Amino acid sequence: NRSKGSSSTSLLAAASQTYRRKNKGSKQTSPISVNTQKPWLADYSTSVRSQKKIQSVPSKLRGKNANPVQVAHAVLSTFLNIPPSECNAANVVCAL
């Protein structure tokens with residue numbers, strides 16, 4: 001029997017390892033690195049991309065006579081559809 005803590009830890013360890021695969025027709029192997037980004041700790045450039053997505057929503061609704069509640073709903077929906085690994089605290093503040 002595995003406990004929940006050990007299975008999630010082993011899954012994370014497996015995801016962060018470097019794997020090797022054989023190239024077709026070659027005996028050489030090439031490393032494949034699997035990067036796992038922690039949620040809500042996106043780096044600056046990733047966070048800026050996410051923030052641009054969030055900030056573009058009101059301008060898309062400008063000509064559609066959207067009321068403030070509809071705009072707020074669209075902004076929050078956009079924010080919630082961005083993966084947590086692509087956001088940080090600044091994106092949370094921006095969305096609010």
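Contact here means heavy atoms within 4.5 Å. With that cut-off, the buried residues of helix α3 in this predicted model pack against two other helices, α2 (44–61) and α4 (89–95).

Helix α3 covers residues 68–81. Its 14 residues should span 20 Å at 1.5 Å a residue, and the C-alpha atoms at its ends are 20 Å apart, which agrees with that expectation.

The buried side of the helix comes next. Ala74, Val75 and Phe79 are buried in α3. Viewed down the helix axis, the buried residues fall within an arc of 135°, so they line one face of α3. Turned away from that buried side is a face with the exposed residues Val69, His73, Leu80 and Asn81. Since buried means under 20% relative accessible area and exposed means over 50%, some residues of the helix belong to neither class. Ala72, also in α3, is one of them: its relative accessibility is 39%, so Ala72 counts as partly exposed. The C-alpha atom of Ala72 is separated by 9.3 Å from that of Val57, the two residues being 15 apart along the chain.

Leu76 is another residue of α3 in the intermediate class, because its relative accessible area is 36%. A residue must have over 30% relative accessible area to be counted in a patch, and Leu76, at 36%, passes that cut-off. Together with Trp40, Val92 and Leu96, Leu76 forms a nonpolar patch on the surface. The accessible area of these four residues together is about 400 Å².

Charged side chains provide a further link. The structure holds one salt bridge. The partners are Glu86 and Lys53, whose closest N and O atoms are 3.9 Å apart; the cut-off for such a pair is 4 Å. Glu86 is in the loop between α3 and α4, while Lys53 is in helix α2, so the salt bridge ties together parts that are 33 residues apart in sequence. Neither partner is classed as buried: Glu86 is partly exposed because its relative accessible area is 27%, and Lys53 is partly exposed because its value is 41%.

Taken together, helix α2 appears in two of these descriptions. The buried residues of α3 pack against α2, and Lys53 of α2 pairs with Glu86 in the loop between α3 and α4.

Conventions
Residues numbered from 1 in each chain as written. Predicted model: local features only at pLDDT ≥ 70, side-chain atom pairs only at ≥ 80, totals over all residues. Heavy atoms only, no water. Patch = residues over 30% accessible without salt bridge, like charges linked within 9 Å, V, L, I, M, F, W, Y side chains within 5 Å. Areas by Shrake-Rupley, 256 points an atom, 1.4 Å probe, with all protein chains shown as cover. Helix = DSSP H or I, 4+ residues; strand = E, 2+ residues; numbered from the N terminus. Buried < 20%, exposed > 50% of the residue type's maximum accessible area, 1.4 Å probe, protein only. Expected span 1.5 Å × (residues − 1). Arc of directions from axis to C-beta.
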